[in-house]
Every structure is written in C-alpha cells, then in structure tokens.
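Reader: Before we discuss this model, I would like each descriptive term to be set against its cut-off. Could you show the structure and then take the terms in turn?

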Amino acid sequence: MSSATATRPTTGGTSSGQNFGASKVGRKGNVVVNWITSTDHKTIGYMYLITSFLFFCLGGVMALIIRAQLFAPGLEIVATKEQYNQLFTMHGTIMLLMFATPLFSGFANVLMPLQIGAPDVAFPRLNGFAFWLYSFGSIIAVAGFLTPQGAASFGWFAYAPLSYTSWCPGLG
C-alpha cells in the first residue's frame, strides 16, 4: 500500500524541470516574420484562408454596391456605366479566383497532410511561393481600380459582347 502512494506524482513542484506557469516571451514582430517566412503547411493554409476571407469581404461589398445600383430604376450609386461594368467584372473575378479557389487551397493545405498522416507537403517552399504569387497577383488585379482607366470591365467570364472592343475601349 505504501509503495502505491510513493509512486504518485507530486503536485506543485518543478522537479522534472518543466515550468508550466511561465509564458513564452518573444521579440516584437517575431510572429509576423514567422508567418511571412513560414513553410509549414498549416500556417500557409491559414494564410490562404485569411486572405480569401478578406477578398470575400471585398467582393461582398462590391455585390452590395451592385445590388444598391439595381434597387430602383434610375438610381445612380455608381457614377458611370463603365464603373458599373468594372464592379461587375471584378466582383466575379474576386469571388471565383480570389475567394473560392484559394479557399479550397487553404483547406487542402491545412487538412490534407493531416488526413494522410504526412508530416508536411511535398514541396513546402513551392507551397509558400504559390501563396505569395496568389496574394501579389490578386492585389495587382484589384489595384486596377486605382489606375486612370479603372479595372477590367468585360464581364465575369469575358463573354461576348462585353469582350468586344466596342464595349471595352480601354486597355483593361
């Protein structure tokens, strides 16, 4: 009976060298640098999910502006027809290429290696590079609104007649 009580773990002591009450204190900005330079599949997956959610919010705001424009006949929320076409085009592009597809990539990065029992993805640096290509390419596409001629304005899928030069006289 006394041998059973002698093998019980003690409470309150740090005889094993672990200090459970201490918090990790890192240098400022260390978390940001770790996320930016990470090759961990879960971190990259979370970055995909966060970025795609931000583009979802941007596409949702565009959808609200489009619906507000169509609320009543003659309502002028958007200044010109060209700007309306730009909103329409960029809303579709954002929701398809900058939200839905990267959302799938984010879930695949987070879940797939865990499901198959792999410690990491096959090419982790290429995985991180793909995220940064997606991010910078998406920012460049959305930055078209800041140019003098505006963003792309040929419809969601560039179907005719909006893709003809008569309906899209500018470069975008």
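Author: Contact here means heavy atoms within 4.5 Å. The model is predicted, so that local features need pLDDT of at least 70 and side-chain atom pairs count only at pLDDT 80 or more, while totals for chains, interfaces and linings use all residues. Residues are numbered from 1 along each chain as its sequence is written, and side-chain values use heavy atoms, with hydrogens and water left out.

Reader: Which residues does Tyr48 touch, not counting residues up to four places away in sequence?

Author: By that criterion Tyr48 touches Pro102, Ser105, Gly106, Asn109, Asn127, Ala130, Phe131 and Tyr134. Tyr48 itself is found in helix H3, where helices (H or I, at least four residues) and strands (E, at least two) are DSSP runs numbered from the N terminus.

Reader: What secondary structure does the chain have?

Author: The chain comes to five helices and zero strands, and read along the sequence it follows the pattern α-α-α-α-α.

Reader: How confident is the predictor in the chain, and which elements have the lowest and the highest mean pLDDT?

Author: On the scale of pLDDT, the predictor's confidence in each residue from 0 to 100, the chain has a mean of 83, and 74% of its residues reach 70 or more. Among its elements, helix H1 (residues 2-6) has the lowest mean pLDDT, 53, and H3 the highest, 95. Where pLDDT is low, the predicted coordinates should not be read in detail.

Reader: Why is Tyr48 called buried or exposed?

Author: Buried means under 20% relative accessible area, exposed over 50%, and partly exposed in between, with a 1.4 Å probe and protein chains only. Tyr48 has a relative accessible area of 7% and is therefore buried. Of the 172 residues of the chain, 28% count as buried.

Reader: What makes His41 buried or exposed, and where is its place?

Author: The relative accessible area of His41 is 1%, so His41 is buried; its place is in helix H3, which spans residues 41-69. Leaving out residues up to four places away in sequence, His41 touches Asn109, Val110, Pro113, Leu114, Pro119, Asp120, Val121 and Asn127.

Reader: How do you know which polar atoms count as paired with the side chains of His41 and Tyr48?

Author: A polar contact is a pair of N or O atoms within 3.5 Å; within protein, one must be able to donate a hydrogen and the other to accept it, and residues adjacent in sequence count only if both atoms are side-chain atoms. A polar atom of the His41 side chain lies 2.8 Å from the backbone oxygen of Asn109, and a polar atom of the Tyr48 side chain lies 3.4 Å from the backbone nitrogen of Phe131.

Reader: Why do Ile66 and Cys57 count as buried, exposed or partly exposed?

Author: Ile66 stands at 8% relative accessibility and so counts as buried, whereas Cys57, at 34%, counts as partly exposed. The place of Ile66 is in helix H3, and that of Cys57 is in helix H3. Leaving aside neighbours within four places in sequence, Ile66 is in contact with Tyr84, Leu87, Phe88 and His91, and the C-alpha atoms of Ile66 and Leu87 are separated by 7.2 Å.

Reader: What span does helix H5 reach, and what is expected?

Author: The expected span of a helix is 1.5 Å times one less than its number of residues. Helix H5 (residues 124-142) has 19 residues and reaches 27 Å from its first C-alpha to its last, close to the 27 Å expected.

Reader: Which residues of H5 are buried, and why are they said to be on the same side?

Author: The buried residues of H5 are Asn127, Gly128, Phe131, Tyr134, Ser135, Ser138 and Val142. They cover an arc (that of the directions from the helix axis to the C-beta atoms) of only 115° around the axis, which puts them on the same side of H5. These buried residues pack against H3 and helix H4 (81-116), while on the other side of H5, Arg125, Leu126, Leu133, Phe136 and Ile140 are exposed.
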